[in-house]
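This report describes two sites in one structure: a pocket and the surroundings of a ligand. Please view the sequence and the model alongside the text.

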Amino acid sequence: MVAMSNLARALSLGGLLFWGACQDSAPAEVLLTERPLALRQVKWNAKDVPTGNIAAVADLNEDTVVFSDLGAMVFTAGLPLGTDPVAKSWKTATVIPAGDLAGSWLIGIDGSGRIRRLRDRSVMEDVSDRYGLGSDVVEEAVAADPTTRTVFGLAGKLAVADGQKVTRYSLSLHGLAGGSGRVVGLSDGGVTVFTPTTGAVMRFPVDSPVAALFDTAGRLVVATADTLYREDKKALVKLYVSSDAPLRGLQLSSGVVWVQVGDTLAVLDESEVRRAPSAALPADGKLLSSSTGDIWVLSQGTLRRFGEDTGGGAAEDQWKNTVQPVFTRLCSLCHMPGGSANLDLSTYKSWDTRRALMMQRVVDAKPSPMPPKGAGALTQDELTAVRDWLNAPP
Ligand code: HEC
C-alpha cells in the first residue's frame, strides 16, 4: 500500500477563465454518408450467473467489474471470480489514473459518493482519501488524460486531482467525458469544455445536448436529439442528421465512437456513419465504455454487450471473453496496429487466421516464446484459455 502522506491536500478554488467558442470562419459543413453496420450481441456472462440489478460496469485488462445491488462482481475471462458486497448501490464506474499516479485504477462510485477501487481483483477499497476527497460526495469521475489527471464531479463543482493536490472549480457540469487533457460536460444551454491544466472554460452553445465526448484525435463530438457535431478549428461542425430516429447516447470505447440511434447502434468513423438495422434497444439504454472497443448497453438493470459482427460467431464470443483479455494484458504492448512487432494481433480475424502459429509460439513456446522472454508470461489460466480456444475451431 502506498501511503498517502505525500498527497498534499491543498484545497484551493481554482481560477476560471471563460472563453466563448469561436464561431468565425467556421469550416463548411459536409454531412457524412451513412453505410450499414453489422452488429453482434456478444455473450459476456458465459455461465449466466445471476448479476442482480446492474447500475454500472467497467473493465481494465482482463477484469470486468459489474456493479449491482449484489455488490461489485469481478469477472475474468467471462467467468465470475467473486463479489464484494461492500456496497449495493452504485452511481457510476470507470478507469482513472491511480491516486498516486502509479498506473490505472478501476473504480466504482458508490451510492454515498465514495470512490472505491478494485484491489487484488477482489475488494472495492475506499480511496476517496487518496484523491483528497475524503469528505466529499462524488457523483462522477473521468480521466482528463490516461495517466495524470482525474476530474471528479461534485454537487455544483469539479475537483481536479493530479497526484499531488486537489483543486476545486465552481462549475456545474454533468455527463462528464474526458480525453487529450480536456473534460467536457453538459450544462444549461450547451456543452462546456474545461481544461484542468489551465482552468480554461469554453462553452459551445448547442440546443439540448444529449451527450458529448472527445474522440481519439482529441476532437469534441456532440450529439443532440437529431444531429451529430464534431469540432473543427474550435467550432462545432454538423456531421450527421438523423431524420427518422432520435440520437440517444454517445460513448467512446477504445477509439470507437458509438452512437445510439433510436433502437439501434451506429459507429462514427472519420468520413462515414455506419448504422446497424434495428437492435431492439430500449429508449432508456445507457452506453457504457469498454476497453475492448465493444460497447455496453445498460437498461433497467440489465447489461448487454455489442460489437461489430465480423462473422466469427460463437468462436469470436469465446475469443472476446477469454483470449482478448490476454492480448490486452500481454501482447498489446507490441502487437497493436502500427506496433513495434509490425504484426497487428488486436482483432479476432488476426488470431483466427494464425491458429497454428499461435499454438506454436504461445502455447508450445517454439521456437521461442510469445511474449518474448522478459515481456511477461501467461498464467496457467490464461494458457488454458488460449489453448481451449485454439482447440475449439469454429
Ligand atoms: C515485447 C514485444 C512483444 C510482445 C509483448 C509480444 N510479442 Fe509477439 N512478436 C514480437 C516480435 C518482435 C515478433 C517478430 C519476431 C518473432 O517472430 O519472434 C513477434 C512475433 C509474434 C508471432 C509470430 C508472427 C509470425 O508471423 O511469425 C506471433 C504469433 C506472436 N508474436 C504472438 C504474440 C502474442 C499472442 C503475444 C501475447 C501473448 C505476443 N506476441 C507478445 C514482439 C512481441
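Helices, as named here, are DSSP runs of H or I with at least four residues, numbered from the N terminus. The structure is a predicted model. On this numbering, α1 and α3 (355-363) each supply at least two residues of the shell around the ligand.

**The ligand site**

The ligand is surrounded by 16 residues, and those that come nearest are Cys331, Cys334, His335, Arg361 and Met370. By class, this shell holds 14 nonpolar residues, one polar residue and one charged residue. Two polar side chains approach atoms of the ligand, as tabulated below.

| Residue | Ligand atom | Distance |
|---|---|---|
| Histidine 335 (polar side-chain atom) | nitrogen | 2.8 Å |
| Arginine 361 (side-chain N or O atom) | oxygen | 2.8 Å |

**The second largest pocket**

The second largest pocket has a volume of about 370 Å³. Its lining consists of 16 residues, and Thr76, Ala77, Asp381, Glu382 and Ala385 lie nearest the centre of the pocket. Six of the lining residues are nonpolar, five are polar and five are charged.

Three elements, β8 (79-84), α1 (313-335) and α4 (380-391), each give at least two residues to this lining. The largest share, five residues, belongs to α4.

Where does the second largest pocket lie with respect to domain 1 and domain 2? Residues of both domain 1 (42-308) and domain 2 (313-391) contribute to the lining, and the pocket therefore lies between the two domains.

Helix α1 links the two descriptions: α1 supplies at least two residues to the pocket lining and at least two to the ligand shell.

Definitions and conventions:
Residues numbered from 1 in each chain as written. Predicted model: local features only at pLDDT ≥ 70, side-chain atom pairs only at ≥ 80, totals over all residues. Heavy atoms only, no water. 1 Å grid on protein atoms, 1.4 Å probe; cavity = no way out; pocket = protein on both sides within 12 Å on 5 of 7 lines; lining within 4 Å. Points joined across faces, edges and corners; volume = space filled by probe spheres on them. Nonpolar A, V, L, I, M, F, W, Y, C, P; charged D, E, K, R; others polar. Domains from an automatic or database assignment. Near = heavy atom within 4 Å. Polar contact = N/O pair within 3.5 Å; in protein donor to acceptor, adjacent residues only side chain to side chain.
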